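Okay, thanks for squeezing me in. Let me put the model up, and then I'll talk you through it.

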Amino acid sequence: MRLLSLVLLLIVASVAIAKEAELASGDDPAVEQRLTALSKELRCLVCQNETLADSQAGLAEDLRKEIREQIKAGKSDKEIIAFLTQRYGQFILYRPQVTPTTYLLWFGPFLLLAAGLVILFRYIQQRRNVISDVPLTSEERQRAAELLASGPGKERA
Amino acid sequence: MAKYLIPLVMFMVLVVFLAIGLTRDPHEVPSPLINKPAPAFSLPQLKAPEKTFTAAEMRGKVWILNVWASWCVSCRDEHPLMIQYAKSGAIPIYGLNYKDQREDALSWLSELGDPYVLSAVDEDGRVAIDYGVYGAPETYLIDQSGTIRFKQIGAVTPDVWTKQILPLAQELNRQGAK
């Protein structure tokens with residue numbers, strides 16, 4: 001009896017898994033794969049911090065549908081992204097294109113890094129000057145010799 | 001002395017940037033469609049499904065396209081203002097009924113009043129995608145040549161209407177009359 005129920009359970013589970021795989025892959029695995037890859041690069045405008053691939057918003061579903069149809073129509077990824085940015089702007093891209101308006105976004109961190117390096121090198125240079133070896137004058141040398149000669153404990157007294 | 005002022009100055013700069021950041025609404029994404037031709041469409045009308053409405057029909061007029069839906073909560077908030085603006089007769093307001101059920105949309109209009117000259121039905125949201133709609137209500141001001149001149153994402157407020165939409169429409173009408 002136990003064995004029978006276990007077998008039944010396994011059958012049910014495998015059917016469920018098969019069903020799920022079928023749903024996930026849709027009718028054309030190649031199309032779905034491209035859709036997933038593309039929609040991971042795109043922002044859902046309703047939720048803003050989710051990708052189009054993850055979002056359950058109505059608009060995200062519509063846009064995925066639109067992209068799926070465009071892929072089937074033989075459009076390239078570039079054409080599809082152009083289609084979307086024409087309508088929703090660069091904001092839809094998680095990786096904005098390099099244009100004059102996004103120069104600061106792309107190169108700003110490197111600018112900060114360069115500025116930081118310049119400041120660091122200057123600081124090190126300055127410190128090197130401060131702690132560089134200055135030879136003792138003869139007076140200082142004499143005083144040092146006196147202190148050493150006076151022996152431990154005596155000088156403090 | 002100056003050495004100790006540097007962190008303070010840097011902190012002040014940061015505060016200014018953050019303060020500016022707080023005043024901006026992250027949901028308002030600048031539309032790339034401003035000063036671009038309004039996408040063409042041909043859609044059935046809400047009250048007369050056998051008739052179509054096309055954006056091309058509106059050539060030569062300054063008009064407003066207001067995206068709405070009966071399921072959209074902010075549209076309900078905006079609605080009384082739309083009725084008021086429609087009554088003023090300043091600019092003809094056309095509706096784009098976005099991903100809605102016809103019965104729901106019709107009962108919404110009969111319950112709350114209909115500010116629209118007519119509403120076009122965008123059942124699957126295709127036209128809305130062309131217009132870059134991502135949060136209804138959205139409002140477009142379109143000029144005589146069919147160019148989008150202004151876009152409001154979210155409900156139009158009296159402030160936006162009197163300070164931006166109305167003056168812009170009047171200016172466009174003046175230019176068009178010449």
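So, the interface: 14 residues of chain A are in contact with 12 residues of chain B, where contact means that the C-beta atoms, placed from the backbone, lie within 7 Å. On the chain A side, the elements giving two or more residues are helix 3 and helix 4 (77–88). Helix 3 of chain A gives the most, with 5 residues. By type, the chain A side divides into 6 nonpolar, 5 polar and 3 charged. For the bookkeeping, Ala, Val, Leu, Ile, Met, Phe, Trp, Tyr, Cys and Pro count as nonpolar, Asp, Glu, Lys and Arg as charged, and the others, Gly among them, as polar. Helices (H or I, at least four residues) and strands (E, at least two) are DSSP runs, numbered from the N terminus.

Quick housekeeping. This is a predicted model, so local features need pLDDT of at least 70 and side-chain atom pairs count only at pLDDT 80 or more, while totals for chains, interfaces and linings use all residues. Residues are numbered from 1 along each chain as its sequence is written, and chains are lettered from A and ligands numbered from 1 in the order in which they are written.

Staying on chain A, look at Gln70(A), which lies in helix 3 (residues 58–72). Is Gln70(A) buried or exposed? Neither, quite: Gln70(A) counts as partly exposed because it has 18 C-beta neighbours inside 10 Å. The cut-offs are 20 or more other C-beta atoms within 10 Å for buried, 12 or fewer for exposed, and partly exposed in between, again with C-beta atoms placed from the backbone. Leaving aside neighbours within four places in sequence, Gln70(A) is in contact with Lys75(A), Ile80(A) and Phe83(A). Phe83(A) is 13 residues along the chain from Gln70(A), and their C-alpha atoms are separated by 9.8 Å.

Now chain B, which has 5 helices and 7 strands. From the N terminus, they run α-β-β-β-α-β-α-β-α-β-β-α. Of the 178 residues in chain B, 35% are buried. And if you take contacts in chain B between residues at least 6 apart in sequence, 72% join residues at least 24 apart.

Helix 1 of chain B is hardly covered, with 0 buried among its 22 residues. How far apart are the end C-alpha atoms of helix 1 (residues 2–23) of chain B? They are 32 Å apart, which agrees with the 32 Å expected at 1.5 Å a residue; that expected span is 1.5 Å times one less than the number of residues.

On to the sheet. Chain B has an open sheet of 5 strands in the order 5-4-3-6-7, with mixed pairing; two strands pair if DSSP finds at least two bridges between them. Strand 5 (119–122) and strand 7 (148–153) are the edges, each pairing on one side only. Strand 4 (residues 93–98) and strand 5 of chain B run parallel, joined by 4 bridges, and Gly95(B) stands opposite Ser119(B) in strand 5. Strand 5 of chain B has both faces covered: Ser119(B) and Val121(B) on one side, Ala120(B) and Asp122(B) on the other, all buried.

At the other edge, strand 6 (residues 138–142) and strand 7 of chain B pair in the antiparallel sense over 5 bridges. There, Ile142(B) stands opposite Ile148(B) in strand 7.

Last stop: Ala128(B). Leaving aside neighbours within four places in sequence, its contacts are Val67(B), Leu96(B), Tyr98(B), Asp122(B) and Val133(B).

Terms used
Two residues are in contact if their C-beta atoms, placed from the backbone, lie within 7 Å.
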